[in-house]
Amino acid sequence: MPAHTFDAPFVLGMMRLHEAPEMHQANHLADWIEARIEQGLHWFDHADIYGSGACETLFGQALRTRPGLAKRLKVVTKASIANDNPAHGSGKIKHYNASPAYLNKSIDAALGRLGIERIEHFLIHRPDLLMNAEATGRALDDAIDAGKIGAAGISNHLPSQWRRLQNAMHHPLRANQIELSISHNAPLFDGSFDDLCADGHAPMAWSPLAGGTLMQGDVGNVLNRVAQEQNCTPNALGLAWLRTLTSRPIPVVGSVKPERIADMLNGPETLSRETWYELLEAARGHCVA
């Protein structure tokens, strides 16, 4: 599956959906989802740990109020992080679990919370160092064959880790979510981005604006100057920097504010080579060798 399978300017990350009180009203959230689809944004990124399942639950409640809405969008969700950030003294230990039992339960639970027939992309959120690749690969193949998920993928994995899993599967891994931005550009130099492209994965970039820090310092200065020259917004340029790369990584944007989303749509699809390298230089503090 080539990267253009994500046929949208960016994916909407739902990690903070439960933090917006108005989104707890199903009709309001359904209106918000419809408005995003009208903007060409029909991919939504979830995970079982987002709000401890609350984000998927709220999203599903909204879809249930609007017949037919679920068929107009596509969902990515993730699992494998167990006991995320446990309370001190709770006796629980944060760990990763990519066992067949855990992933099967996670897939069924996500389908139930979201109220959808199929998860387009199901990703292993973090690499489980105790994973039995053959057993997990078989479970993912079975979930695809059963029609529960359209494709399996990974997030935050090293090439050696995803290849061990892929070697145990019949179906290809399709999507690969990594941290990538102008300021977090290490994957472009350590070979991991090249590896995921070579393996045919559709790249997804989380924290594409580096948590807002791109607008500071030298990178922010360049973004602001180019934005004025091109009559667009700095945030949109930060996303265009990613889409200029080979295989066109799709940014995963973690805002639910309509005005911020509109801001990120107000820019070019890609950047010129010189502008792209100028931003890289600003992030690294020196030009390329």
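Here a biologist asks a modeller about a predicted model.

Biologist: Why is Glu56 called buried?
Modeller: Buried means under 20% relative accessible area, and Glu56 has 0%, so the residue falls under that cut-off. Glu56 belongs to helix 2, residues 54-64.

Biologist: And which residues is Glu56 in contact with, once its neighbours within four places in sequence are left aside?
Modeller: Contact takes heavy atoms within 4.5 Å. On that basis the list is His46, Ala47, Asp48, Thr77, Ala110, Arg113 and Leu114.

Biologist: What makes strands 6 and 7 a pair?
Modeller: Two strands pair if there are at least two bridges between them. Strand 6 (residues 119-124) and strand 7 (residues 149-155) have five, in the parallel sense, so they count as a pair. Leu123 stands opposite Gly153 of strand 7.

Biologist: Where do those two sit in the barrel order?
Modeller: Eight strands close into the barrel, with parallel pairing, in the order 1-2-3-6-7-8-9-10. From one strand to the next, the twist averages 25°.

Biologist: How many helices and strands does the chain have?
Modeller: Ten of each.

Biologist: How do you know that the chain is as compact as a globular protein of that length?
Modeller: The globule rule gives 19 Å for 289 residues, and the radius of gyration is 19 Å, so the chain matches on compactness. The C-alpha trace spans about 50 × 45 × 45 Å along its principal axes, and 51% of the residues count as buried.

Biologist: What does the UniProt annotation say about residues 11-266?
Modeller: The unreviewed entry gives "domain: NADP-dependent oxidoreductase" for them. In the model that span is 39% helix and 17% strand, with its end C-alpha atoms 15 Å apart.

Key:
Residues numbered from 1 in each chain as written. Predicted model: local features only at pLDDT ≥ 70, side-chain atom pairs only at ≥ 80, totals over all residues. Heavy atoms only, no water. Helix = DSSP H or I, 4+ residues; strand = E, 2+ residues; numbered from the N terminus. Axes fitted to C-alpha atoms, helices over the stretch in contact; angles between N-to-C directions. UniProt positions renumbered as here; feature names shortened; annotations may be inferred. Buried < 20%, exposed > 50% of the residue type's maximum accessible area, 1.4 Å probe, protein only. Rg over C-alpha atoms; globule rule 2.2 N^0.38 Å.
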